[in-house]
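Trainee: I am new to this structure and should be grateful for a guided introduction. Please let me put some questions to you once it is displayed.

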Amino acid sequence: MAHDGKPHDESFNYRSVIGMMGYLTRCTRSDIAYAVHQCARFTADPKIQHSKAVRWLGRYLLGTKDKGMVFVPDLSQGLEVFVDADFAGTWDPS
């Protein structure tokens, strides 16, 4: 995607749609993360070609709305948390 070309035609709120797609990438649709990131790079000054890419993503999502990640809790398992932090080496457990 280039920085030149005709400006976005304002037929939809580009920034808002990118925000919604960003939410989807973090929650259930990691398959579109790269494409959404590439489109998000141009939210300040989107062009027609960026609008076309967002519309393509929208059509892709409509065609694959039965796909995605579903997290089902296993209540027989406990909660496990792993942390990689040493509090800058100043933590005193006593």
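**Rings, helices and core**

Trainee: How many aromatic pairs does the count come to?

Mentor: The structure is a predicted model, in which local features need pLDDT of at least 70 and side-chain atom pairs count only at pLDDT 80 or more, while totals for chains, interfaces and linings use all residues. Residues are numbered from 1 along each chain as its sequence is written, and side-chain values use heavy atoms, with hydrogens and water left out. Rings of Phe, Tyr and Trp (its six-membered ring) pair if their centres lie within 6.5 Å; planes under 30 degrees apart count as stacked, over 60 as edge-to-face and the rest as tilted. By this rule the number of aromatic pairs is two.

Trainee: Are the rings of Trp56 and Tyr60 stacked or edge-to-face?

Mentor: The ring centres of Trp56 and Tyr60 are 5.7 Å apart. Their planes meet at 10 degrees, so the pair is stacked.

Trainee: In which helix do Trp56 and Tyr60 lie?

Mentor: Helices (H or I, at least four residues) and strands (E, at least two) are DSSP runs, numbered from the N terminus. By this definition the protein has three helices and zero strands. Trp56 and Tyr60 are four residues apart, about one turn of the helix, and both lie in α3.

Trainee: Are Trp56 and Tyr60 buried, partly exposed or exposed?

Mentor: Buried means under 20% relative accessible area, exposed over 50% and partly exposed in between (1.4 Å probe, protein chains only). Trp56 has a relative accessible area of 49%. Tyr60 has a relative accessibility of 29%. Because these values fall between the two limits, Trp56 is partly exposed and Tyr60 is also partly exposed.

Trainee: Which residue, with its side chain, lies 2.8 Å from the backbone oxygen of Tyr60?

Mentor: The atom in question is a polar atom of a side chain in the segment after α3 (48-63). The residue is buried, at 15% relative accessibility. The partner at 2.8 Å from the backbone oxygen of Tyr60 is Thr64.

Trainee: Which residues of α3 are buried?

Mentor: An α-helix has 3.6 residues a turn, so residues three or four places apart point the same way. The exposed residues Lys52, Arg59, Leu62 and Gly63 sit on the face of α3 turned away from its buried side. What covers the buried residues, through contacts (heavy atoms within 4.5 Å), includes α1 (14-27) and α2 (33-40). The buried residues of α3 are His50, Ser51, Ala53, Val54, Leu57 and Leu61.

Trainee: How many degrees of arc do they cover around the axis?

Mentor: The arc is that of the directions from the helix axis to the C-beta atoms. The buried residues lie on the same side of α3, because they cover an arc of only 160 degrees.

Trainee: How far apart are the end C-alpha atoms of α1?

Mentor: The expected span of a helix is 1.5 Å times one less than its number of residues. For the 14 residues of α1 this gives 20 Å. The model agrees, with its end C-alpha atoms apart by 20 Å.

Trainee: Which residues of α1 are buried?

Mentor: The exposed residues Met20 and Tyr23 are on the face of α1 turned away from its buried side. The cover over that buried side includes α2 and α3. In α1, the buried residues are Tyr14, Ile18, Met21, Gly22 and Thr25.

Trainee: Within what arc do the buried residues of α1 fall?

Mentor: Seen down the axis, these residues line one face of α1. The arc within which they fall is 110 degrees.

Trainee: Which helix gives the most to the largest nonpolar core?

Mentor: A nonpolar core is a set of buried Ala, Val, Leu, Ile, Met, Phe, Trp, Tyr and Cys residues joined through side-chain atoms within 4.5 Å. The largest has 12 residues in all, among them Phe12, Ile32, Val36, Phe42 and Leu57. Each of α1, α2 and α3 supplies at least two residues of this core. With four residues, the helix that gives the most is α3.

Trainee: What is the C-alpha to C-alpha distance between Lys6 and Lys47?

Mentor: Lys6 is found in the segment before α1 and is exposed, at 65% relative accessible area. Lys47 is in the loop between α2 and α3 and is buried, at 10% relative accessibility. They are 41 residues apart in sequence, yet their distance in space is 5.6 Å.

Conventions. Polar contact = N/O pair within 3.5 Å; in protein donor to acceptor, adjacent residues only side chain to side chain.
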